Amino acid sequence: MSVDVTQQYKTSSNLRTRANLHRRYANKNWFEWAYKHMGFRENSKIADIGCGTGWFWTANQHVLPNGLDVSLLDQSAQMVAEAKGTLEALSAVQRVSGYVEKAEAIPFEDASCDMVMAMHMVYHLSDPDKAMDEMQRILKPDGRLVISLNSTSNLKQIYEINSRVFDVAPVDPSTVIAPPADVAGQLQQRFNSITLLTYKDIYEIDDAETVFATLTSYPPGNEATEAQQTQLRAEISKSLEEHHGVMSSPHEVLLLVAQEPKAV
Ligand SMILES: C[S@@+](CC[C@H](N)C(=O)[O-])C[C@H]1O[C@@H](n2cnc3c(N)ncnc32)[C@H](O)[C@@H]1O
């Protein structure tokens, strides 16, 4: 199952739908947790590849070091415009530029960035090896590449429901497209040092409509027939009943920090 990235992220509406689930059930803040492990430094040059809406930056606006020069890149013009507007209002960000481009062809100089971040986007890459080469190419020798992606246990109960209605595996679909072990392997080919960290939260999910909205915000649920939508609602209700109204499900994200780029 592939995602039509152009349509999926034409606007931030699908991302916002999924963010509702996290806003409703999260017990901690993923963006704040990630920031603490990324090693931001004052006056550094950062490339945010697949920047989306820029929510990471808003969440951390009060702890960012000063003098940041941030290049925002996304294949979606609307995402770049939204993120750029957000970052322009942050005092820690001295300079911000936006690029409507693909990660597979990054228009930045070799060895020009202190940090390259690619958060929750590697499973959308049409050519992951080319994009990884590009991200490595633009890093300074002492720079770091930070990648986040969902773990295979992420929101397990929700994806089990999905698999009862659609012909999909009962796991987070992003981990089928880009298995975390494959992504780690791609980094190992290009970097001498890789640190893997795991973010864990437990969601006590009790609202059927929030689950339905999440599962119909991306494939295959976004193209569900009326009959499939009815079946999906029924399966969600059944699951909630089986769990006495509350499904406990892990929200689990992997953070890979790669350093010491190998010579190319
Ligand atoms: C799930 S969103 C993540 C947004 C943001 N990084 C975050 O963590 O909140 C994925 C983003 O990657 C972008 N994207 C997907 N494939 C891309 C590619 N090949 N090149 C550049 N951007 C891409 C999408 O347009 C979308 O904004």
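Which residue has a polar side-chain atom 2.7 Å from an oxygen atom of the ligand? That residue is Q75, and the pair falls under the usual label of polar contact (N or O atoms within 3.5 Å; within protein, one must be able to donate a hydrogen and the other to accept it, and residues adjacent in sequence count only if both atoms are side-chain atoms). Before going on, keep in mind that this is a predicted model, where local features need pLDDT of at least 70, side-chain atom pairs count only at pLDDT 80 or more, and totals for chains, interfaces and linings use all residues. Residues are numbered from 1 along each chain as its sequence is written, and side-chain values use heavy atoms, with hydrogens and water left out.

Back to the ligand. A polar backbone atom of A103 sits 2.9 Å from a nitrogen atom of the ligand, and E104 has a polar side-chain atom 3.1 Å from a ligand nitrogen. On its own the ligand would expose 590 Å², and the protein buries 95% of that (areas by the Shrake-Rupley method with a 1.4 Å probe; for residues, only the protein chains shown count as cover). There are 19 residues around the ligand, and G50, D74, Q75, A103 and M119 come nearest (a residue is near if one of its heavy atoms lies within 4 Å). The shell splits into 9 nonpolar, 6 polar and 4 charged residues; here Ala, Val, Leu, Ile, Met, Phe, Trp, Tyr, Cys and Pro count as nonpolar, Asp, Glu, Lys and Arg as charged, and the others, Gly among them, as polar.

An unreviewed UniProt entry carries the annotation "domain: Methyltransferase type" for residues 48-147 (positions follow the numbering used here, feature names are shortened, and annotations may be inferred rather than shown by experiment). Over that stretch the chain is 27% helix and 33% strand, with its end C-alpha atoms 10 Å apart. Helices (H or I, at least four residues) and strands (E, at least two) are DSSP runs, numbered from the N terminus.

Helix α6 covers residues 128-137, and its buried residues are A131, M132, E134, M135 and Q136 (buried is under 20% relative accessible area, exposed over 50%, partly exposed in between, with a 1.4 Å probe and protein chains only). What do these buried residues of α6 pack against? Their partners are the strands β1 (45-49), β4 (113-119), β5 (139-150), β6 (191-205) and β7, plus helix α9 (180-190). From α9 comes Q186, which is buried because its relative accessible area is 15%. Q186 is in contact with P128, D129 and M132, leaving aside neighbours within four places in sequence (contact is heavy atoms within 4.5 Å). Q186 and D133 are 53 residues apart along the chain, yet their C-alpha atoms are separated by 9.6 Å.

Another pairing across the sequence involves G39, in the loop between α3 (30-38) and β1. G39 and M115 are 76 residues apart in sequence but 8.9 Å apart in space, C-alpha to C-alpha. Apart from neighbours within four places, G39 is in contact with M115 and R144. At 33% relative accessibility, G39 is partly exposed.

Is S249, in strand β7 (residues 247-261), buried or exposed? S249 is buried because its relative accessibility is 0%. Its side chain makes a polar contact of 2.7 Å with that of Q157. Residues touching S249, not counting those up to four places away, include L155, I158, D201 and Y203.

T210, in helix α10 (residues 208-215), is buried too, at 9% relative accessibility. The T210 side chain has polar contacts with two other side chains: D207 at 2.5 Å and R24 at 3.5 Å. Beyond four places in sequence, T210 is in contact with L21, R24 and Y25.

Finally, some backbone oddities. Most residues other than glycine have a negative phi, and most peptide bonds are trans. H120, in the loop between β4 and α6, has a positive phi of about 50°, and is partly exposed at 23% relative accessibility. H244 also has a positive phi, near 55°; H244 lies in the loop between α11 and β7 and is exposed, at 75%. The peptide bond from P219 to P220 is cis, with omega near -5°, and P220 belongs to the loop between α10 and α11 (226-242).
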